[in-house]
Structure formats: C-alpha cells, structure tokens
Amino acid sequence: MKTIDLHIHTVASDGTDTPSQAVKKAAELGLAAIGITDHDSVAGVKEAQEAGAALGLEVVSGIEVSSDYRDNNVHVLGYFVDPDATALCTVMDWISREREERNVKMAAMLAADGFDISMEELRQTYPGAVLGRPHFAELMMKKGYVSSVTEGFDRYLEVGRRYFLPKRRIPFAEAISLILSSGGVPVLAHPFQYHYSWEETMELVDTAEALGIRHLEAYYSEHTPEQQAQLLALAAERGFGVTGGSDYHGSRKPYIRMGSGMGNLSVPYSVLESLRRDAGRV
Ligand code: AMP
Ligand code: ZN
Ligand code: FE
Ligand code: FE
C-alpha cells in the first residue's frame, strides 16, 4: 500500500532535519507524499517542495498553528496554504516577534540568577533555528546545569517553574480563518492530545465545525488503535474528512519515526487524494 506522512517538523520550527533532509528521508523510506507542518511557520515549505520535485516526491505545503482555545494550546493544521499569502506572513511575523521577546526575557532572567546562558550563545549554537524552550533546556544540559532536557523542563522551564513565560497565541477562531484565507484546509490536529474528557472533546469538535473545520487528524503516532478507530468513526458520522501523520521531529523526538510513528502508524495515500478533492485541487 502507498503510504504518506502529513505531519512533519523541520528546523523551520523545532525539528532537527532541514527541509531537504526530511524530503530525502521520506524518499528513502518510500513514502508516496509528505506534508511539512512546522509550528507557526511555512519557512521550510519551499525548500522541501524543491527537494521533492528533484526526487519525484510530492510535498504538500502545510503549517501547524498553535491557538488559544479555553486557555489551552490547541493545534490547527493547515494544508495547501499559500506560503506567500499576506495574512499568513503578517501573523507569522507577529508570532515570531512574540517568541523573540519571550526568549530575550527568559535569557535575561536566567543570566540574572547566575546561569551562563545568553541569546548570543543560543543563536550561535542553533543557527537558523526558531529558538524556544527546547534549546534553552539543551544548552543548560550542555553546560551541566541539568543532566537532561527533561530535567531542564521539570526544574526550570515547565509551566509554573521559575523561568517559564507564557507565549501569547492567536485565538482558535483566528487560526482557522487565517488558514482559510491563505487558501488552506484547516484540520483539528491530534484531537486526543488535549487532556479532555470525551464530552469536552465533542465540544471542541462542535466549536471547530462551527468555525469552518471539516477535517480531523485521525492517524497519529500517539493515538492508540482504539482512538484511531474512534476518530475515523466520528469523522464518518459527521461527514468530516481525515488526515494523518507521525509528528516527526528528527532526533529531538527519536521515538517517533517518519511514516511509521511508534510502529503503529500507516496513513494510506487515499487520505491525500480526498484532502486534495476537499481543497478543490483535483
Ligand atoms: P516553546 O514553544 O518554546 O514553549 O517550547 C515548546 C516545545 O517544548 C514543544 O516542542 C515541546 O515538545 C517541548 N516541551 C514541552 N514540555 C516539555 C518537557 N517537559 N520535556 C521536553 N520537552 C518539552
Ligand atoms: Zn514540535
Ligand atoms: Fe501538535
Ligand atoms: Fe506537530
């Protein structure tokens, strides 16, 4: 069976593969198509599509927008977005400025407490990366302040810890309308990753539908077979389409493999054919 992976992160957000490396890997794995879905960024899309064209691999333009839904961070995937859409560029600029301000504040707070951590060193160590807490944690580990990235989060960077600063997110409704106005198909990402009860998940799906979402991410590395079946049934019942992918992040999440997730994932090519039909791109 031809399989695909529509959920892939690169160095344009917090993955460790460059877009070209991700495409090469997908080709080696024999995947029929991939989607590049960096957090709040389309910066990797063009390079990936050029690499895909050279290798004969279909690369779908995508994004994973972090949005605010009832004070939770709900992710909205967007497929076939135009990476040059003005609305998208404006919001992405706002998001990256917010992130930069937060990083500068975090680095200052750490330095004030005596940690040898600076923005200059972070930028030098991770050239071109969209810097965030994972990079702070990794640098703290390299310098021996903590013994692992996880410990860095647990002790210093997790919500409620001394150096955690909240990031402003765009409202759920705006994330969806942004994707629609950029020519994309909005998809509710990994619906079971929000620590909601079934009832709350249904409220989220209802809200999503009212705002224009008609697709759920049913196939996902961290879904159990039961959860995958539940989502496929839910989508069928509501007349929704489905998408799927691994959430590959390269060596930053080594337990997730491109295409196959944690050994449990297999997304049929037909998913992309339906998505393309729904996007009006047949
Ligand atoms: P940021 O966007 O800077 O807030 O960082 C978010 C990233 O940190 C996400 O990609 C998460 O995968 C990662 N992250 C969040 N919590 C933890 C944790 N406890 N351990 C390791 N990574 C984490
Ligand atoms: Zn990520
Ligand atoms: Fe996500
Ligand atoms: Fe993701």
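Select Lys46 and Asp84: their side chains meet in a salt bridge, with N and O 2.8 Å apart. Lys46 belongs to helix H2 (residues 45-55), and Asp84 to the loop between strand E4 (72-79) and helix H3 (86-112), so the bridge ties together parts that are 38 residues apart in sequence. Lys46 is partly exposed at 43% relative accessibility. Asp84 is partly exposed too, with a relative accessible area of 48%. Keep in mind throughout that this model is predicted.

**Next stop: Cys89**

Keep Asp84 on screen and add Cys89, which is found in helix H3. Setting aside neighbours within four places in sequence, Cys89 is in contact with Pro83 and Asp84. Its relative accessibility is 31%, so Cys89 counts as partly exposed. Now add Ser41. The C-alpha atoms of Cys89 and Ser41 are separated by 9.0 Å, and the two residues are 48 apart along the chain.

**The loop between E4 and H3**

Select Phe80, whose place is in the loop between E4 and H3. Check the backbone here: Phe80 has a positive phi of about 70°, although it is not a glycine. Most residues other than glycine have a negative phi. Is Phe80 buried or exposed? Phe80 is buried, with a relative accessible area of 10%.

**The other salt bridges**

The whole structure holds 15 salt bridges. Side chains of opposite charge can pair when their charged atoms come close.

Select Glu98 and Arg168. They form a salt bridge, and their closest N and O atoms are 2.5 Å apart. This pair links distant parts of the chain: Glu98 sits in helix H3, and Arg168 in the loop between helix H6 (149-157) and strand E5 (170-171), 70 residues apart. Compare the accessibilities. Glu98 counts as buried at 13%, whereas Arg168 counts as exposed at 56%.

Move to Lys143 and Asp116. Here the closest N and O atoms of the salt bridge are 2.8 Å apart. Lys143 lies in the loop between helix H5 (133-142) and H6, and Asp116 in the loop between H3 and helix H4 (119-125), so this bridge ties together parts that are 27 residues apart in sequence. Lys143 is partly exposed, with a relative accessible area of 27%. Asp116 also counts as partly exposed, at 45%. Add Glu121 to the selection: Asp116, Glu121 and Lys143 are linked in a network of salt bridges.

**The iron ions**

Select the iron ion (ligand 3). Which residues coordinate the iron ion (ligand 3)? They are Glu64 through OE, His75 through ND1 and His190 through NE2, at 2.0 to 2.2 Å. Along the chain, these donors follow the spacing E-x10-H-x114-H. Now show the iron ion (ligand 4). The iron ion (ligand 3) and the iron ion (ligand 4) are 3.5 Å apart, and Glu64 coordinates both. Glu64 lies in strand E3 (residues 58-69) and His190 in the loop between strand E6 (185-188) and helix H8 (198-210), so the pair ties together parts that are 126 residues apart in sequence. Glu64 is buried, with a relative accessible area of 1%. His190 counts as buried as well, at 5% relative accessibility.

Stay in the loop between E6 and H8 and pick His195. His195 has a positive phi of about 60°, although it is not a glycine. At 79% relative accessibility, His195 counts as exposed.

**Ligand 1**

Jump to ligand 1. Around ligand 1 are Asp14, Arg99, Arg102, Gly132, Arg133, Pro134, Phe153, Glu158, Lys167 and Lys253. Pick out the polar side-chain atoms in turn:

- Asp14 places one 2.5 Å from an oxygen atom of ligand 1.
- Arg99 has one 2.8 Å from an oxygen atom of ligand 1.
- Glu158 has one 3.0 Å from a nitrogen atom of ligand 1.

**Last stop: helix H10**

Select residues 270-278, which make up helix H10. Which residues of H10 are buried? They are Val271, Leu272, Leu275 and Arg276. These four cover an arc of only 130° around the axis, which puts them on the same side of H10. Finish with Gly280, just after H10: Gly280 takes a positive phi of about 70°.

Terms used: Residues numbered from 1 in each chain as written. Chains lettered and ligands numbered in written order. Predicted model: local features only at pLDDT ≥ 70, side-chain atom pairs only at ≥ 80, totals over all residues. Heavy atoms only, no water. Buried < 20%, exposed > 50% of the residue type's maximum accessible area, 1.4 Å probe, protein only. Helix = DSSP H or I, 4+ residues; strand = E, 2+ residues; numbered from the N terminus. Arc of directions from axis to C-beta. Donors = N, O, S within 2.8 Å, 3.2 Å for Na, K, Ca; no water. Salt bridge = Lys/Arg side-chain N within 4 Å of Asp/Glu carboxyl O. Contact = heavy atoms within 4.5 Å. Near = heavy atom within 4 Å. Polar contact = N/O pair within 3.5 Å; in protein donor to acceptor, adjacent residues only side chain to side chain.
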